[in-house]
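Thanks for coming. I will put the structure up now and then walk through it piece by piece.

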Amino acid sequence: MIAIESLSKRFPRVTALDRLTVGIEPGVTGLVGANGAGKSTLIKILLGLSPATEGTASVLGMDVATQGGAIRERVGYMPEHDCLPPDVSATEFVVHMARMSGLPATAARERTADTLRHVGLYEERYRPMGGYSTGMKQRVKLAQALVHDPRLVLLDEPTNGLDPVGRDEMLGLIRRVHTDFGISVLVTSHLLGELERTSDHIVVIDGGRLLRSSSTADFTQRTAVLAVEVTDTDEHPDGTAVLRAALRQGGLDPHEPASGGAPAPGAGHVVMLDIGGESGDADESVLDTVRDTVAELGLGLVRMERRRHQISEVFTERSTGDVA
Ligand SMILES: Nc1ncnc2c1ncn2[C@@H]1O[C@H](COP(=O)(O)OP(=O)(O)OP(=O)(O)O)[C@@H](O)[C@H]1O
């Protein structure tokens, strides 16, 4: 869908993209990076709206430097910021965008009605958009990106400003853009864990550089971790500290739960251990060691739970130097 080769974008004082090389396959791809990582800059270059300083990129086989117009005919784009005229209705606006994309008047009206229904806007689509909630505005922005039936859509922070329920609904809609219509999606987010369930593939950029590009499953399964939750006792008022020390003596390498993301209930009493390798199969002897250590210390064992890494942990580990 997209081929990016050694792409750089330098502004006078900032390098927004730094020799980025990555390929995007059909499906849903999450482009993840902190604010300022270069996501919006990349999208603007892919649409042919902003020239790269160096390097090349193509979208659906078309060169972004010379075929921007043709790319924008076949690609849908949902910009990050509020961009809707307040005094026209969603229907008027989306019909207009469909006409701009080259649809004849009748087809534009039909496609607009279908698309607005698909994103969950009904009677309110005849009202001026100035009175819409953020969630409704985001839906209109998604609808105008889809109305001309593109092969690919680029969605820049579509969950921005939404509450948790609105976020989940938007992510569900995005997933269905691919499953129901076969349209490929490149969707950005600065929230690291947000796209885990929505995307087939995750690309992480940081400071304009590629940090990692892999399937979502690879991201979260690469290593298994064991969460061990214990109670405190009168003898050991800090159960996790004493367990960590004892496990280290036993040759294991326990660590604290990653910060970021909502702490799980009881997170203050959890010790994490990396177990198993690429396959995620735990070495049984590690489980035995943990159980015996907890028993010898006389702590209560609340749970031993094997779980997958979360994307946010990839970042946390990176910053502490554990993962290249
Ligand atoms: N027109 C511009 N002139 C100068 N600097 C720019 C311009 N556009 C972006 N930048 C800078 O380039 C860097 C990358 O910005 P970009 O908007 O691509 O990041 P982002 O990952 O999309 O973050 P956000 O989600 O906050 O928009 C930032 O440091 C930004 O300040």
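Helix α1, residues 39–46, gives the shell around the ligand its largest share, 3 residues. In total 13 residues surround the ligand, and Phe11, Ala16, Asn35, Ser40 and Thr41 are the closest. By type, the shell consists of 7 polar, 4 nonpolar and 2 charged residues.

Keep in mind that this is a predicted model. How confident is the predictor, as mean pLDDT of the protein? The mean is 86, and 87% of the residues reach 70 or more. For the complex, the predictor gives an ipTM of 0.92 and a pTM of 0.74. The weak spot I want to show you is residues 318–324, where pLDDT stays under 50. Over that stretch the model has 4 contacts beyond four places in sequence. Where pLDDT is low, the predicted coordinates should not be read in detail, and I will leave that stretch there.

Now the overall layout. The protein has 324 residues, of which 37% are buried. Its secondary structure comes to 14 strands and 10 helices. Take the contacts between residues at least 6 apart in sequence: 70% of these join residues at least 24 apart. There are two domains, with domain 1 covering 2–219 and domain 2 covering 223–308. Between their C-alpha centres the distance is 41 Å.

Next, one helix in domain 1. Helix α5 runs over residues 134–146, which is 13 residues. Does its length agree or disagree with what a helix of 13 residues should span? At 1.5 Å a residue, the expected span is 18 Å, and the end C-alpha atoms are 19 Å apart, so the two agree.

Is α5 mostly covered or mostly open? Mostly covered, since a residue counts as buried with 20 or more other C-beta atoms within 10 Å, and 10 of the 13 residues in α5 are buried. Among them are Met136, Gln138, Arg139 and Val140, and the buried run continues from Lys141 through Leu142, Ala143, Gln144 and Ala145 to Leu146. What do these buried residues pack against? The partners are the strands β6 (75–78) and β7 (152–155), together with the helices α3 (90–100), α4 (105–118) and α6 (164–181).

Just past this helix, in the loop between α5 and β7, is Asp149. Asp149 has a positive phi of about 55°, although it is not a glycine. Most residues other than glycine have a negative phi. Asp149 is partly exposed, because 16 other C-beta atoms lie within 10 Å.

Ser6, in strand β1 (residues 2–10), is another case: its phi is positive, near 50°, and it is not glycine either. Ser6 has 14 other C-beta atoms within 10 Å and is therefore partly exposed.

Two glycines to finish. Gly161 sits in the loop between β7 and α6. Gly161 counts as partly exposed because it has 13 C-beta neighbours inside 10 Å. Gly161 also brings us back to the start of the helix we discussed: its C-alpha is 6.7 Å from that of Thr134, although 27 residues separate the two in sequence.

The other glycine is Gly251, which follows helix α8 and has a positive phi, near 90°. Helix α8 itself covers residues 239–249, and its buried residues include Gly239, Thr240, Leu243, Arg244, Ala246 and Leu247. An α-helix has 3.6 residues a turn, so residues three or four places apart point the same way. Try following that rule along α8 on the screen. That is the end of my part.

Terms used. Residues numbered from 1 in each chain as written. Predicted model: local features only at pLDDT ≥ 70, side-chain atom pairs only at ≥ 80, totals over all residues. Near = placed C-beta within 6 Å. Helix = DSSP H or I, 4+ residues; strand = E, 2+ residues; numbered from the N terminus. Nonpolar A, V, L, I, M, F, W, Y, C, P; charged D, E, K, R; others polar. Buried ≥ 20, exposed ≤ 12 C-beta atoms within 10 Å, placed from the backbone. Contact = placed C-beta atoms within 7 Å. Domains from an automatic or database assignment. Expected span 1.5 Å × (residues − 1). pLDDT = per-residue confidence, 0-100.
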